[in-house]
Amino acid sequence: CLRPATREQCLKILSVQISRENRLAAADDIVDNSGDLQTLHGQLKQIHKKYLRLAENMTKEGTAPIDL
């Protein structure tokens, strides 16, 4: 059974998290979900296609870390 976190516990958790700026700088892909659902789906489709192409290229080159 989990107890709710105290305010102090929440502040401690937040204080050790990486900043938004650093998360964005380190991200391979960023999804902006502030728009409508159609725009979000379009972004996700593009990212999905990107990773399908990468996986296909890695498989063709024999560099895939797992069997795809």
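Visitor: What do buried, exposed and partly exposed mean here?
Guide: Relative accessible area, computed with a 1.4 Å probe on protein chains only, sets the class: under 20% is buried and over 50% is exposed. Between these limits a residue is partly exposed. This is a predicted model, in which local features need pLDDT (the predictor's confidence in each residue, from 0 to 100) of at least 70, side-chain atom pairs count only at pLDDT 80 or more, and totals for chains, interfaces and linings use all residues. Residues are numbered from 1 along each chain as its sequence is written, and side-chain values use heavy atoms, with hydrogens and water left out.

Visitor: What is the mean pLDDT of the chain?
Guide: Of the residues in the chain, 91% reach a pLDDT of 70 or more. The chain mean is 90.

Visitor: How many salt bridges does the rule give?
Guide: The rule requires a side-chain nitrogen of Lys or Arg within 4 Å of a carboxyl oxygen of Asp or Glu. One such pair is Lys50 with Asp29, at 2.8 Å from N to O. Another is Glu56 with Lys60, at 3.0 Å. The count is two.

Visitor: Is Asp29 buried or partly exposed?
Guide: Asp29 pairs with Lys50 through a salt bridge. Its relative accessible area is 27%, so Asp29 is partly exposed.

Visitor: Which helix holds both Glu56 and Lys60?
Guide: Glu56 is partly exposed at 43% relative accessible area, whereas Lys60 is exposed at 63%. The two residues are four apart, about one turn of the helix, and both lie in helix α3 (helices being DSSP runs of H or I, at least four residues, numbered from the N terminus).
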